[in-house]
Each structure stands twice: as structure tokens, then as C-alpha cells.
Amino acid sequence: MAHVLVVDARSATRDLVARLLADAGHSVVEAEEGHGALEVARSERPDVVIMGILTPRMDGPDLVRRLRADPAVQRTRVVFFTPTYMADHVRDLCDACGIAVSAADLASPAAKGTPVRRVDRHLRLLSHRLLEKDRALEEARRSRSRLLADLVQAEEAERTRIAWGVHDDSIQVMSAAALRLDALAGVARSEQGEAIGEVADKVRQAVVRLRALTFDLTPPSTAGAGLGPAIESYMREVGADAGFRSSVEDRLNARPPAEVEAVLYPIAREAIRNARKHARAHTVTVTLREHDGGTLLRIEDDGVGFVVEHRPGHLGQRSMRERAAAAGGSLQLQTAPGAGCGIEVWVPHSVPSPALPSSGGSLTIRGDDLSL
Ligand SMILES: Nc1ncnc2c1ncn2[C@@H]1O[C@H](COP(=O)(O)OP(=O)(O)OP(=O)(O)O)[C@@H](O)[C@H]1O
Ligand SMILES: [Mg+2]
């Protein structure tokens, strides 16, 4: 395979030639005009230069003259192309610098159309391949969305199972124990009765905590009214005993896709939970709005803030980041001691396709030869 230098003033033309060459397995370097081409030829030593004949400043024949004068690159082969040539003019130019011109290429009307037809064929092939690639990317995007939805569902199912287990088993047993202790306290001697009553209170406190835990574990109730109302109800529940004022500003015009809600809700929940556990905040604010083809969730508290550092065994921050990343989104955290905490999460409504490679890159369009 050859190392080819493509020279033309128009980037679209360079792109096309470079893509076709790369597809045929050649390696390609590019330059806009003769001076640049000369430098690239000296550093890259291409096997062949393919060049628009009338580039500005230093045209094709001039470049060939300079190449032939430099022993290091004088044997470089040069192929000119031009879509709008005047045969006599080109022949004169080439004669002047000792370049042989294929008479057939210049004279034959049939030959005249050949490059155009070839370019046309390659363009059709290119767009066909791009369409195929586009379809494959769309399918990949859909299956990624499905996977994400399955993942979220599996996780929620597991949480529900644990929540029901705690509710049906541990809470019931402990409630019964508290009742039994109350009964015992009633028949015991007074000082023992007091101690038993205290134990009963502790058991009841544990029951309250377990109930809060089952509330945390139950899956998001976004299915009904949507993300904003679900977060609002969670805030009410959590804020009541945390002692902060809370507000949810839902600026969404429409509901995001279910899988986006399913990703954002647990993130909001963890951020609110963190505000309750660590922030000692007066106010916690949640904002939801559309942004850049996705949903933007912001949770802000005016609490104590913190230094961001890895804390083994503390999983909340990591889980928020990983959820956002798995959905093709991102998470920004702004905090410092004494400065409160702001978390901004953006999740796209459709998972972005990987960018198409640029010309001369790894886009593979097979199945045709290149011969301009
Ligand atoms: N809103 C906040 N205000 C102040 N400190 C916070 C806030 N959010 C997190 N932190 C600090 O960052 C640490 C890490 O938070 P993270 O959510 O990862 O873990 P955790 O809440 O301690 O435990 P887990 O989430 O695993 O139950 C917390 O322990 C706390 O020190
Ligand atoms: Mg946490």
C-alpha cells in the first residue's frame, strides 16, 4: 500500500480523495497548496503526490519543478487532477516543466467523463455505507437503552425484595417485641418496669428507622405523576425530620423517557439523603429542566460543604456518577467547606452515537477500487 500526499485548496476535495484512498488501504497526508506540499513531501517522503493542478501560490507544475530539483524527493511520482481544465493550457503548463501528459485523458470526450463517473460511484458507495453505519449505530443506541432500562429494573426489583423482607419480617417481629415489652413493663416491679419501658422505646425507635429504610429502598414512584412530583414527595418525607426547607422547581415541558427518569430519580434521592445526613442545611433546592437534548437535574444545599475525596465504603457519590455515566450523561459537583453543595446531572434523552471518524481516519468503505 502506498503513502500518498493529497494536495488541493478545497478541503472537501481533499477529504473525498483522502477517504477513497484510505478506504483502499493507503495511508494519506494532506496539504492545501504547493509550498505546504513541498514541506510535507520532504518530511513524509510519499510514494505518490495526487494534486489539483491549479492550486494557489504554487501550482502543480511548479511543485514538480521544485521536487525534481531536490535530490531527496526528486523521484516522487505526481498525479494531477482537475475538474475544469482547458486541455491546451494544461498541456502548455506540463510541457514547460517536462511533464508527460496522457493525450487520451485530455483529448477523449469519453475519458473526460470517466473521473466524474468514478467520483459519482464512490460518492454513492460512500453514502450507502454511511447509511448502513447510521442504521447500525441506531440499533446499538436502542439496545443500550434497553440494557439500561433492564439494569434499572433489575436493581429496583432487588431493592423491593429487600424492602418487603424488612417490612414483613424484621419490622413485624420488632413491633411484636415492643408490644410484649410494654406488657411486661406493666406487670413488672416499678424500677424494672421503667427499664423495660426504655428498652421498648428503643425497639420502637429502631422500627421507625427500619420503616424509613424501607421507604428509601422502595422503587421510584415516578411511574405515576413523573419525576418532579416523585422527587417532591421524597423531599417532603425526608425534609420533615431533617429540619431543612425544601423546594422543587420542575421546569420540564414534557416527561423525559422512562429510563431517564429511572436514572435521575435515585441520583436525586441520594443527593437529598446526603443533604439530610451530612449538610446541616437550611435549604435544599431541586431544579429540573430540559437542556441540550436531555434532562438537567440540579440539587443544591446551603450546608457545610465538604472536601471531595475518596472515602472507602462510602458509595453514594460513586453510585451517582456511575448511574449518570451509564446513561451517557455527566455529573458535576461543586462544593467546598462552608460553601454548601451543588450537584448537576445531565442525562441525554437518547444515548449519543460515537462520533463518525473524520476523513483519512478509520472509516472503512470497502468494495471498490480507487483510480481517479
Ligand atoms: N451535601 C453534603 N454536604 C456535606 N457533606 C457531604 C454532602 N454530600 C456528601 N458529603 C460528604 O461526602 C462523603 C461521601 O458521600 P457519599 O454519599 O459518597 O457517602 P455517605 O453518604 O457517607 O455513605 P453512603 O452514601 O454510602 O451511605 C460523606 O460522608 C460526607 O462527608
Ligand atoms: Mg451518601
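Which residues have the most contacts inside the largest nonpolar core? In this predicted model, they are I231, L264, I267, A268 and I272, and the core they sit in has 35 residues. Quite a few elements chip in: α6 (109-187), α8 (227-242), α9 (258-279), β6 (283-291), β7 (294-301), α10 (316-326) and β9 (341-348) each bring at least two residues to this core. Helix α9 gives the largest share, with 11 residues.

Let's zoom in on I231. Leaving aside residues up to four places away in sequence, I231 touches V248, Y265, A268 and V286. One of these, A268, is also on the list of residues with the most contacts inside the core.

That isn't the whole story, though: there is a second, separate core of 23 residues, and V6, A22, V28 and F80 are among its members.

Now for the sheet. Four strands line up as β2-β1-β3-β4 in an open sheet with parallel pairing. The edges belong to β2 (27-31) and β4 (77-81); each has a single partner strand, so one side of each has no neighbour in the sheet. On average, and ignoring direction, neighbouring strands here are turned by 20 degrees against each other.

In the middle of that order, β1 (residues 3-7) and β3 (residues 48-52) pair in the parallel sense through four bridges. If you want one spot to click on, try V7, whose bridge partner in β3 is M51. Helix α2 (residues 34-44) packs on this sheet and touches β1, β2 and β3. Its direction makes about 170 degrees with that of β1.

Key: Residues are numbered from 1 along each chain as its sequence is written. Chains are lettered from A and ligands numbered from 1 in the order in which they are written. This is a predicted model: local features need pLDDT of at least 70, side-chain atom pairs count only at pLDDT 80 or more; totals for chains, interfaces and linings use all residues. Two strands pair if DSSP finds at least two bridges between them. Axes are lines fitted to C-alpha atoms, for helices over the stretch in contact, and angles run from 0 to 180 degrees between N-to-C directions. Two residues are in contact if their C-beta atoms, placed from the backbone, lie within 7 Å. A nonpolar core is a set of buried Ala, Val, Leu, Ile, Met, Phe, Trp, Tyr and Cys residues joined through C-beta atoms within 7 Å. A residue is buried if 20 or more other C-beta atoms lie within 10 Å of its own, exposed if 12 or fewer, and partly exposed in between; C-beta atoms are placed from the backbone.
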